[in-house]
Amino acid sequence: MTGLLDASANLELVRVLDTAGRLLPDSPFARSATPERCRELYRWMVLARRLDQEAYNLQRQGELGLWLSCRGQEAAQIGSVSALRRSDHIFPAYREHAVGLYRGVSPAELLASWRGCTHGGWDPARYRLHIYSLVLATQTLHATGYAMGVHADGVDEVVLAYLGDGASSQGDANEALNWAAVSQAPVVFFCQNNQWAISTPAAAQFRTPLYQRAAGFGLRAAYVDGNDALAVHAVTSDAVAGVRAGDGPVFIEAMTYRMAGHSTSDDPRRYRDDAEVDGWQTLDPLARLAALLADQGWIDDRFRSVLDAEADDLAADTRQACLALAPPALEDTFRNTLVDETALLAQERTAFTTFKASFA
């Protein structure tokens with residue numbers, strides 16, 4: 001498969017665009033830069049960033065309990081999810097908001113758990129997208145198990161699991177890679193290496209590129225510029241095609257950057273300097289693709305104005321949907337602790353209700 005090499009080798013970082021957004025004609029995936037694809041990728045990235053910013057604002061205004069921003073990682077997410085079929089199942093971590101938006105998850109569903117209204121937010125079967133997993137790397141085992149079932153059933157389906165560089169150090173991730181290789185599960189592990197595991201830099205996490213781990217487990221690997229949406233789309237498409245053809249699982253390392261803090265409760269200024277952030281800002285994935293679109297004459301003022309209006313509408317819908325989410329009743333905690341409320345939980349709920357009523 002083009003662009004997928006033996007993981008024991010030192011892979012070249014796959015790019016379609018240079019850092020200024022110019023097309024690299026020698027890239028093996030340069031042909032993927034069609035006007036239609038570029039416009040579509042850019043549209044979804046703009047919408048994802050606007051939703052992310054509105055959710056961030058809502059958290060700062062006290063309307064969300066927490067938010068984990070995906071700012072800066074839009075190309076990695078939109079580029080990869082757009083390479084899948086709608087029937088392919090996805091297991092996200094917890095900041096794949098662009099993926100959820102692309103799959104059709106509504107703003108209300110995306111924000112519900114962050115507002116404390118639910119443990120999930122959406123129906124995984126409807127969107128072929130599992131709910132967020134806040135426990136690091138647990139979704140990699142879920143994805144592998146699901147993919148093993150797909151393989152046993154002989155279904156034409158590929159599973160994609162998102163994880164971060166920090167999660168790659170967890171035992172669950174390494175077990176998942178091993179089981180996926182041994183069982184030849186139809187799964188793609190997409191690692192967004194955003195350079196920081198909360199406050200721990202990549203240099204303090206591992207000594208070799210993450211994609212090189214694939215060789216030890218028996219997986220093929222790819223290494224891609226995660227801020228180049230076209231490169232991500234092409235590499236993921238190539239990986240998915242190989243997995244679907246029965247070539248076995250793949251590990252993709254996408255080099256990107258988390259522009260905001262780990263979460264809204266994190267202050268990244270305490271552990272990284274402005275120069276680093278400024279350097280990555282010059283590689284902004286939206287700016288790079290916008291530069292290509294402008295240089296090639298593939299967008300005009302009408303396209304920009306329509307997209308701006310669509311983003312404004314999405315922001316307004318996101319705010320309205322968030323504020324319309326009813327706060328959960330604390331009594332539901334007792335009802336939902338187990339699948340069926342036990343007699344003891346019912347007794348505790350009644351006692352709580354009586355206690356709360358005493359303040360009325």
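**Notebook: loops, sheet and helices**

I began with Ile198, which lies in the loop between strand E4 (196–197) and strand E5 (200–201). The model I am reading is a predicted one. Ile198 has a positive phi of about 55°, although it is not a glycine. I looked up its exposure as well: Ile198 is partly exposed, with a relative accessible area of 43%. That value falls between the 20% limit for buried and the 50% limit for exposed, so partly exposed is the right label.

I then went to Arg128, in the loop between helix H5 (124–127) and helix H6 (138–153). Phi of Arg128 is near 55°, again a positive value in a residue other than glycine.

**The sheet**

Next I asked in what order the five strands of the open sheet stand. The order is E1-E2-E3-E7-E6, and the pairing is parallel. I also asked which strands stand at the edges. They are E1 and strand E6 (220–225); each has a single partner strand, so one side of each is left without a neighbour in the sheet. From one strand to the next the twist averages 20°. As a reminder to myself, strands of a sheet pair through backbone hydrogen bonds, either parallel or antiparallel.

I followed the sheet from the E1 end. Strand E1 (residues 89–91) runs parallel to E2, and three bridges join the two. Ile90 stands opposite Leu160 in E2, and the bridge partner of Phe91 in E2 is Ala161.

Strand E2 (residues 159–164) I noted as mostly covered, since five of its six residues are buried. On to the next pair: E2 and strand E3 (residues 187–193) are parallel and share six bridges. Leu160 comes up again here, as its bridge partner in E3 is Val188. Leu160 therefore has a bridge partner in E1, Ile90, and another in E3, Val188.

I traced the connection between these two strands. E2, helix H7 (residues 171–183) and E3 make a right-handed β-α-β unit.

At the other end of the sheet I looked at E6. Five of the six residues of E6 are buried, so this strand is largely enclosed by the rest of the structure. E6 pairs with strand E7 (residues 250–255) in the parallel sense, over six bridges. Arg220 stands opposite Val250 in E7. The connection here is another β-α-β unit: E6, helix H9 (residues 229–244) and E7 make it, and it is right-handed.

**Helices against the sheet**

I checked what helix H2 (residues 74–81) does. H2 lies across E1, E2 and E3, and runs at about 165° to E3.

In helix H9 I picked Thr236. Is Thr236 buried or exposed? At 0% relative accessibility, Thr236 counts as buried. I listed its contacts, not counting residues up to four places away in sequence: Thr236 touches Ser80, Ala83, Leu160, Phe190 and Ile252. Among these, Leu160 is the E2 residue that has Val188 as its bridge partner in E3.

**Two helices that cross**

I turned to helix H1 (residues 35–60) and helix H11 (residues 285–296). Their axes come within 10 Å and cross at roughly 145°. The crossing of H1 and H11 is left-handed. Which residues meet there? From H1 I wrote down Cys38, Arg39, Leu41, Tyr42, Met45, Val46 and Arg49; they meet Pro285, Leu286, Leu289, Ala290, Leu292 and Leu293 in H11. By type, the residues of the contact of H1 with H11 divide into eleven nonpolar, no polar and two charged. The charged residues are Arg39 and Arg49, both in H1.

**A buried leucine**

My last entry is on Leu111, which lies in helix H4 (residues 107–112). Leu111 has a relative accessible area of 0% and is therefore buried. What does Leu111 contact, leaving aside its neighbours within four places in sequence? I found Ala55, Leu58, Leu64, Trp67, Thr318, Cys322 and Leu325. I looked up one of these, Leu64, in more detail: Leu111 and Leu64 are 47 residues apart along the chain, while their C-alpha atoms are separated by 7.8 Å.

Conventions: Residues are numbered from 1 along each chain as its sequence is written. This is a predicted model: local features need pLDDT of at least 70, side-chain atom pairs count only at pLDDT 80 or more; totals for chains, interfaces and linings use all residues. Side-chain values use heavy atoms; hydrogens and water are left out. Helices (H or I, at least four residues) and strands (E, at least two) are DSSP runs, numbered from the N terminus. Buried means under 20% relative accessible area, exposed over 50%, partly exposed in between (1.4 Å probe, protein chains only). Contact means heavy atoms within 4.5 Å. A crossover is right-handed if, with the strands pointing away from the viewer, the path from the first strand over the helix to the second runs clockwise. Axes are lines fitted to C-alpha atoms, for helices over the stretch in contact, and angles run from 0 to 180 degrees between N-to-C directions. A crossing is left-handed if the near helix is turned anticlockwise from the far one by less than a right angle, and right-handed if clockwise.
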